[in-house]
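Biologist: Before we begin, could you take me through a few backbone and sheet features, giving the general idea and then the case at hand?

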Amino acid sequence: TCALPISLTVSATGQNKVYDGTTVAPVTLSDNRVAGDTLTLAGTGAFASKDVGTAKPVNVTGINITGADAGNYTFNTTATTAADITARTLTVSATGQNKVYDGGTGATVSFGDNRVSGDALILAGTASFADKNVGAAKAVNVTGINVTGGDAGNYTLGNTTATTTADITARALTVSATGQNKVYDGGSSATVTLGDNRVLGDALSLSHGAASFTDKHAGTGKTVNVTGINVTGTDASNYTFNTTATTAADITPRALTVGGIGISRVYDGTTNASVTPTDNRVAGDVLTLTGTPAFADKHVGTAKTINITGITVTGTDAGNYTFNTTAATAADI
């Protein structure tokens with residue numbers, strides 16, 4: 001007679017695993033073989049989904065038996081069991097991004113982590129420098145780290161804070177100047193008001209060494225050059241700045257008061273008169289004054305009025321002045 005194969009029942013025991021983004025399930029196979037028989041069991045276990053869960057069904061397929069005594073058995077090729085997929089610990093890191101000084105401690109970081117490749121996670125948190133001031137490799141503290149996204153439920157956060165470093169670089173402060181008009185005074189010096197684009201609230205003091213027109217002469221919209229600009233104050237170290245600036249302003253003509261000192265003379269039957277010209281020119285200016293003086297009448301008298309008409313002013317610096325064209329003085333005939 002021939003012996004019939006024994007029906008071998010292959011069972012599976014699921015083994016828990018940490019989430020790894022796959023449905024692969026580790027299992028331990030066992031059976032009811034005859035004691036002492038040599039058998040090797042193999043099969044593939046798979047969870048229905050990759051996600052974290054407890055007592056998740058595991059389907060074992062492709063069960064196979066090999067070994068010296070395998071021919072003595074028939075066997076099942078599938079089995080079911082259960083196991084847990086536990087959450088993976090997500091370690092979040094941060095890389096600081098440099099910024100230009102903006103008067104605040106807010107920082108920007110890019111996040112990194114040890115997620116399973118391809119998982120959909122969104123990382124967020126609040127990053128800040130310890131202070132607002134310019135510096136290299138400044139500490140950045142990241143707090144309130146949280147994770148959202150399609151695969152977030154498969155992870156536990158290993159950290160909700162992180163530290164990194166970044167630079168705060170100096171802000172370019174543009175110092176501008178507003179020129180102030182002046183009346184011609186024979187010099188090229190100018191007066192300006194300085195302004196800038198500082199961060200609101202910062203303590204800065206602006207100064208300059210000199211401000212001057214390109215020449216001394218009267219004119220509108222004349223260029224003013226400002227040099228020796230300097231910035232001081234509590235927040236000055238957070239800025240770079242320009243040391244020169246240009247603006248414009250007017251030099252308006254100076255009112256020249258032209259007069260004369262009458263010269264007394266002996267009666268000659270005419271109204272002709274002579275005067276010594278006078279004016280209030282800027283010292284050193286080159287001006288030539290002309291005009292026609294005449295007594296009011298030809299007769300003898302004391303302190304007689306002399307009228308000066310047709311006054312004109314010429315010379316190198318005449319364009320810097322406005323002037324009266326008539327004047328009056330007195331002398332004796």
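Modeller: Gladly, and please keep in mind throughout that this is a predicted model. Let us start with a loop, where A303 is found between β31 (288-295) and β32 (304-314).

Biologist: What is the sign of phi at A303, and is that residue buried or exposed?

Modeller: Phi of A303 is positive, at about 50°, although the residue is not a glycine. As for its surroundings, exposed means over 50% relative accessible area, and A303 counts as exposed because its relative accessibility is 53%.

Biologist: Which residue in a strand has a positive phi without being a glycine?

Modeller: That is A137, whose phi is near 50° and which lies in strand β15 (residues 135-148). With a relative accessible area of 51%, A137 is exposed as well.

Biologist: Let us return to the strands that flank the loop of A303. How should I read their pairing?

Modeller: The general idea is that strands of a sheet pair through backbone hydrogen bonds, in either a parallel or an antiparallel manner. Here β31 and β32 pair in the antiparallel sense over seven bridges, and within this pairing P293 stands opposite I308 in β32.

Biologist: In what order do the strands of the sheet run, and which are the edge strands?

Modeller: The sheet is open and consists of three strands in the order β31-β32-β34, with antiparallel pairing. Its edge strands are β31 and β34 (327-331), each of which pairs on one side only. If direction is ignored, neighbouring strands of this sheet are turned against each other by 35° on average.

Technical notes:
Residues are numbered from 1 along each chain as its sequence is written. This is a predicted model: local features need pLDDT of at least 70, side-chain atom pairs count only at pLDDT 80 or more; totals for chains, interfaces and linings use all residues. Side-chain values use heavy atoms; hydrogens and water are left out. Helices (H or I, at least four residues) and strands (E, at least two) are DSSP runs, numbered from the N terminus. Buried means under 20% relative accessible area, exposed over 50%, partly exposed in between (1.4 Å probe, protein chains only). Two strands pair if DSSP finds at least two bridges between them. Axes are lines fitted to C-alpha atoms, for helices over the stretch in contact, and angles run from 0 to 180 degrees between N-to-C directions.
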